[in-house]
Amino acid sequence: MKLHQLDNQISDLVERQVPGHSLEQMFYTDPDIFEHDMHRVVFNQWLLIDHESRIANRGDFFIVDVAGDEIIIVRENDDKINGFYNTCRHRGSKVCLNKEGNKKSFVCPYHAWCYNLDGSLRGAQLMGADFDKSTHGLHECHLNIYEGLIFICLADGSPPNFDEQVNRMQPFMDLHDLANAKVAHRYSWRLQCNWKLVIENFIECYHCLPSHPELSSVHSKAKYKAFGSGAASAMPEAMAEFEPELQAWRKQASSLGYTIDMWGDDENSGSLQGAQRLPINFAEGTLSETRDGKLASTLMGKFSACDGGTTAVSFNPLSTLLMPNDYAMIFRFTPISAEVCDVEIVWLVDKEAQEGIDYNKENLSWLWYQTTVQDGEITENNQAGVRSRRYKPGPYSQHEASNNTFLKWYLRLIG
Ligand code: FES
Ligand SMILES: [Fe+2]
């Protein structure tokens, strides 16, 4: 579709959008709108993609797929990690065909151009005396490390101010010290649904009681009624029910020095960030999100005692951390195409924790593996139903206030 036609069509759709309702069908299914989403929204975010302990040694690399573009993330040396588009500067072949591994250099499988770990072109056979290697290095993407976390940005021009964004999170991140964490486990899913449905599902807990028996058994039900979507102010009765539990936990957490006020951006922000600490289920003595309520691994960061709380930090809607006292999870939501989205959870533990002694993967991943499998099913069902010829945007509940904020943010950015 021609660009101006698409712009007109999007303006019409945005105009037609009923406030407080889910999106018009095309926003969830149309390949042209997907491309528009990427350029107007996703490529302008700092995407949290992994922890640097995944590539601990020089030459370690992995590939991440963002909207059909492969990015090679490679460690150049102790202090430097680089991100390159996986496309050769000769005639565009993929330079790297492996998903992860270790390489001294990247040799293109087509005509054997050879690239250094800093992306510069080391050698290109038979290109003549006047060929300038220095102008044919791999295309780089913006990349930053914060607290051991790897972020990339695929903006064509300047990315948003990274330090400004992450510094806001510092009081929450300080508690957990992810710079001294290591990857313990990971699971990835390729879901047949639009990226916005994945996010909409993740940010509301209207579905938690019916869809997540394990989550609802470990976490406080009163919390989910009051806070599931950050909608506390919209539901004073639910909040009143949760208040005693929250106050009891705050007392305990503040005596240990671990309480921090929560905050969240509104739809006028650039990246829709937010951070909060809440109890898991202190009233019933649950310490962590494990089957038996005991710790899943050694305490991380500043925690010398368990406060039964969990920290959520969202750098943008596609990049979230959930962190109890004893482990942390990266939730990565990466759009692939109009009706495909990757979801990955990376479990982090203290770098000194030993597998089989301090933690085991099954226990560590039990709750959020189950929960994310359930989320995958309900979200794919959601996408399948949205494809119906009879689909019409439906109203959000009071408990889906976050969805409303997310959609207003999205519509502002693409409109
Ligand atoms: S396309 Fe890579 S060397 Fe030719
Ligand atoms: Fe869910």
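Trainee: What is the arrangement of the four donor atoms around the iron ion (ligand 2)?
Mentor: This is a predicted model. The four donor atoms subtend angles of 54 to 147°. A tetrahedral site would need all angles between 85 and 135 degrees. The spread goes beyond that range, so the arrangement around the iron ion (ligand 2) is irregular.

Trainee: Which residues coordinate the iron ion (ligand 2)?
Mentor: The coordination distances run from 2.0 to 2.6 Å. The histidines bind through NE2, and the aspartate is listed twice, through OD. The residues are His207, His212 and Asp375.

Trainee: What spacing do the donors of the iron ion (ligand 2) follow along the chain?
Mentor: The donors are His207, His212 and Asp375. Written along the chain, their spacing is H-x4-H-x162-D.

Trainee: Is histidine 212 buried or exposed?
Mentor: Buried means under 20% relative accessible area. Histidine 207, another iron ligand, has 10% and counts as buried. Histidine 212 has 1%, so it counts as buried.

Trainee: Which helix gives the largest share of the largest nonpolar core?
Mentor: The largest nonpolar core has 73 residues. Those with the most contacts inside it are Ile73, Ile152, Trp195, Trp368 and Tyr410. Seven residues, the largest share, come from helix α12.

Trainee: From which domains does this core draw at least three residues each?
Mentor: The protein chain is divided into two domains, residues 50-146 and 170-414. The core draws at least three residues from each of domain 1 and domain 2.

Trainee: How many residues are in the second, separate core?
Mentor: This core includes Trp46, Cys153, Phe162 and Phe315. Its residue count is 24.

Trainee: Which residues from Cys141 onward does isoleucine 152 touch?
Mentor: Residues up to four places away in sequence are not counted. Earlier in the chain, its partners include Trp46, Val64 and Ile73. From Cys141 onward, isoleucine 152 touches Cys141, His142 and Leu143.

Trainee: How many residues of domain 2 are in contact with domain 1?
Mentor: The centres of domain 1 and domain 2 are 34 Å apart, taken over C-alpha atoms. At the contact, domain 1 contributes ten residues. Domain 2 contributes 17.

Trainee: What is the radius of gyration of the protein chain?
Mentor: The chain has twelve helices and 17 strands. The globule rule gives 22 Å for 415 residues, and the computed value is close to it, so the chain is as compact as a globular protein of that length. The radius of gyration is 22 Å.

Trainee: What share of the residues in the protein chain is buried?
Mentor: The C-alpha trace spans about 75 × 55 × 35 Å along its principal axes. Among contacts with a separation of 6 or more, 67% join residues 24 or more positions apart. Of the 415 residues, the buried share is 54%.

Trainee: Which residues is alanine 179 in contact with?
Mentor: Alanine 179 is found in the loop between α5 and β11. At 39% relative accessibility, it counts as partly exposed. Leaving aside neighbours within four places in sequence, its contacts are Glu147 and Gly148.

Trainee: What is the phi of glutamate 147?
Mentor: Most residues other than glycine have a negative phi. Glutamate 147 is found in the loop between β9 and β10. Its phi is positive, near 55°.

Trainee: What phi does aspartate 177 have?
Mentor: Aspartate 177 is found in the loop between α5 and β11. With a relative accessible area of 26%, it is partly exposed. It is not a glycine, yet its phi is positive, about 50°.

Trainee: How far apart in space are proline 393 and histidine 21?
Mentor: Proline 393 is found in the loop between α11 and α12. Its contacts are His21, Ser22, Leu23 and Glu24, leaving aside neighbours within four places in sequence. Proline 393 and histidine 21 are 372 residues apart in sequence. C-alpha to C-alpha, the separation is 5.7 Å.

Trainee: What is the relative accessibility of proline 324?
Mentor: Proline 324 is in the loop between β15 and β16. Leaving aside neighbours within four places in sequence, its contacts include His176, Ile280 and Thr310. Proline 324 counts as buried because its relative accessibility is 0%.

Conventions
Residues are numbered from 1 along each chain as its sequence is written. Chains are lettered from A and ligands numbered from 1 in the order in which they are written. This is a predicted model: local features need pLDDT of at least 70, side-chain atom pairs count only at pLDDT 80 or more; totals for chains, interfaces and linings use all residues. Side-chain values use heavy atoms; hydrogens and water are left out. A nonpolar core is a set of buried Ala, Val, Leu, Ile, Met, Phe, Trp, Tyr and Cys residues joined through side-chain atoms within 4.5 Å. Buried means under 20% relative accessible area, exposed over 50%, partly exposed in between (1.4 Å probe, protein chains only). Helices (H or I, at least four residues) and strands (E, at least two) are DSSP runs, numbered from the N terminus. Domain bounds come from an automatic or database domain assignment. Contact means heavy atoms within 4.5 Å. Donors are N, O and S atoms within 2.8 Å of the metal (3.2 Å for Na, K and Ca); water is not among the atoms, so sites may look incomplete. Four donors count as tetrahedral if all angles lie between 85 and 135 degrees; four count as square planar and six as octahedral if opposite donors are over 155 degrees apart and all others between 65 and 115; anything else is irregular. The radius of gyration is taken over C-alpha atoms; the globule rule is 2.2 Å times the number of residues to the power 0.38.
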